[in-house]
Each structure stands twice: as C-alpha cells, then as structure tokens.
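Student: Please take a close look at a single part of this structure, and then set the rest beside it. I would like the cut-offs stated as you go.

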Amino acid sequence: KALSDKTRRAILDLLRENAIDWRDIEEVLVRCPTVTLLLSKPVDELVALIEEIAASDYLTSTALFFNSTYPLAVAIADGELTEAQFSKERMVDAELRPLFERIRFTADPFLDKREMDEGVNAGEVTFRFKDGRSLSRFTEAMRGSYQNPIDIRDKLYVCTRNILDDAQRQELLDTVMGLDALDDVKELTTLLA
C-alpha cells in the first residue's frame with residue numbers, strides 16, 4: 001500500500017491518545033519516503049477514480065491501496081483502516097472529500113536513504129488544528145518490519161472480525177500454523193470457503 005503501515009499506525013495512535021475529533025484538523029502534514037508520493041494521484045484524479053469504482057460492477061477498491069491520500073483520510077475519519085474503509089459506500093462519502101484537500105505530503109531524502117541502507121520505512125505525521133495547536137508523531141519502523149514485528153493473531157482478528165467468530169478464527173490460525181503437517185490441503189480450503 002502506498003500509505004505504509006507506519007504512517008497509519010502513527011495517525012491512529014495520535015487520534016486515540018489525544019481524543020482528536022478529525023473535524024478539528026486544519027491540515028495533515030506527512031513526511032515520508034519519496035515512493036509514497038510516486039504512487040499517489042492528485043485529488044481530482046482520486047475523486048474521479050473513486051466515482052469510477054463506485055459506479056462499476058467489476059472494478060474493486062484495490063487501486064486505492066496504491067494511493068496515499070484516500071487511506072490516510074479515511075483512517076483519520078474512521079479511526080481504523082480495515083476492509084470496511086474500502087467499501088463502495090464508504091468511498092463515496094462526501095464528508096471525506098474536504099479532508100483529501102487538507103493532506104500534504106513531503107518527501108524526505110533522509111527517509112529514502114534510511115530505507116535503502118537499513119531496510120527501514122519510517123515517517124512522521126503532524127496534525128495542525130483550527131485552534132492553532134499541532135501534534136506530531138514519528139515512527140522509526142513500520143509495523144510488520146523486522147524492527148517492529150506484527151502479531152499474526154492481531155492481523156487475523158482485524159481481517160476477519162466481521163466474517164468469523166473466535167472459534168472459527170482460532171481453527172483457521174491453528175490450521176495455517178500447522179500447514180506443513182497437513183495431509184490434505186482440503187483441510188485449509190474448507191475453512192476458507
């Protein structure tokens with residue numbers, strides 16, 4: 001995804017820890033590696049893409065995974081970034097569009113060099129509020145990297161919380177973790193059906 005997990009995590013942490021109402025945010029400043037900018041579209045093209053996806057029976061939201069503005073805006077507005085934020089209904093919510101315009105990205109060559117030298121994707125997000133305050137968070141390493149590993153159970157829960165109950169989720173996890181011992185792959189595919 002163009003919006004790396006490190007930026008998403010910094011944003012969500014700032015929102016939660018400071019009880020921020022996203023409507024009070026005047027501007028969102030993101031200091032990031034250049035690749036984050038290279039994969040994004042200008043806001044007018046983003047809006048056109050969203051409208052095209054929403055009107056289509058065959059297009060999916062996958063293209064929005066490779067954009068920085070949409071995931072950032074919807075994560076700020078909803079306090080999370082899951083499959084629910086990529087539904088057609090959520091994409092077309094007019095409330096999000098003004099937030100797209102408040103987001104500013106700045107490529108930082110230091111972060112590019114660090115990513116190349118250390119394999120670390122770092123970044124910073126700053127919220128500037130209408131009342132003049134500002135809050136920032138720098139993340140040293142994106143979640144899921146070797147310096148900031150992700151717990152597979154957490155990821156599985158987030159990705160399946162609306163489709164599996166706890167027992168089904170545990171059965172899936174146990175099966176996947178024991179994949180090399182399965183006699184027949186049907187044991188796994190049955191769980192995914």
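Tutor: A contact here means heavy atoms within 4.5 Å. By that rule, and leaving out residues up to four places away in sequence, phenylalanine 100 touches Val43, Leu46, Val47, Ile50, Thr69, Tyr70 and Ala73. The model is predicted, so local features need pLDDT of at least 70 and side-chain atom pairs count only at pLDDT 80 or more, while totals for chains, interfaces and linings use all residues. Residues are numbered from 1 along each chain as its sequence is written, and side-chain values use heavy atoms, with hydrogens and water left out.

Phe100 belongs to a wider group. A nonpolar core is a set of buried Ala, Val, Leu, Ile, Met, Phe, Trp, Tyr and Cys residues joined through side-chain atoms within 4.5 Å. Buried means under 20% relative accessible area, exposed means over 50%, and partly exposed lies in between (1.4 Å probe, protein chains only). The largest such core has 35 residues, and Val28, Leu64, Tyr70, Ile76, Phe100 and Phe127 have the most contacts inside it. At least two of its residues come from each of α1 (5-17), β1 (25-32), α3 (43-55), α5 (69-78), α7 (97-101), β2 (103-107) and β3 (123-129). These elements are DSSP runs numbered from the N terminus, where helices are H or I of at least four residues and strands are E of at least two. The element that gives the most to the core is α5, with 7 residues. Another core, of 5 residues, lies apart from this one and includes Leu164, Leu172, Leu173 and Leu188.

Helix α5 deserves a further look. In α5, 9 of the 10 residues are buried, so the helix is largely enclosed by the rest of the structure. The buried ones are Thr69, Tyr70, Pro71, Leu72, Ala73, Val74, Ala75, Ile76 and Ala77. Glycine 79, just after α5, takes a positive phi of about 75°.

Aspartate 78, also in α5, brings in the charged pairs. A salt bridge is a side-chain nitrogen of Lys or Arg within 4 Å of a carboxyl oxygen of Asp or Glu, and the count by this rule comes to 15. Aspartate 78 forms one with arginine 90, with the closest N and O atoms 2.7 Å apart. The pair links distant parts of the chain, since arginine 90 sits in helix α6 (residues 88-91), 12 residues away from aspartate 78. Aspartate 78 is partly exposed at 31% relative accessibility, whereas arginine 90 is buried, with a relative accessible area of 13%.

Strand β1, another contributor to the core, holds partners in two of the bridges. Glutamate 27 pairs with arginine 104, the closest N and O atoms being 3.5 Å apart. Glutamate 27 is in strand β1 and arginine 104 in strand β2, 77 residues apart. Arginine 104 is partly exposed, with a relative accessible area of 39%. The second bridge joins aspartate 108 and arginine 31, with a closest N to O distance of 2.6 Å. Here arginine 31 is in β1, while aspartate 108 is in the loop between β2 and α8 (109-118), again 77 residues apart. Aspartate 108 is buried at 13%, and arginine 31 is partly exposed at 26%. Elsewhere, salt bridges link Asp21, Arg23 and Glu95 in a network.

Leu172 and Leu173, named above in the other core, also take part in a helix pair. Helix α9 (residues 152-160) and helix α10 (residues 166-177) pack at an angle of about 135°, with their axes 11 Å apart. Axes are lines fitted to C-alpha atoms, for helices over the stretch in contact, and angles run from 0 to 180 degrees between N-to-C directions. The angle makes α9 oblique to α10, as angles under 35 degrees count as roughly parallel, over 145 as roughly antiparallel, 65 to 115 as roughly perpendicular and the rest as oblique. Ile152, Arg153, Leu156, Tyr157 and Thr160 in α9 meet Arg169, Gln170, Leu172 and Leu173 in α10.

As for the whole, the protein has 11 helices and 4 strands. Of its 193 residues, 39% count as buried. Among contacts with a separation of 6 or more, 64% are between residues 24 or more positions apart.
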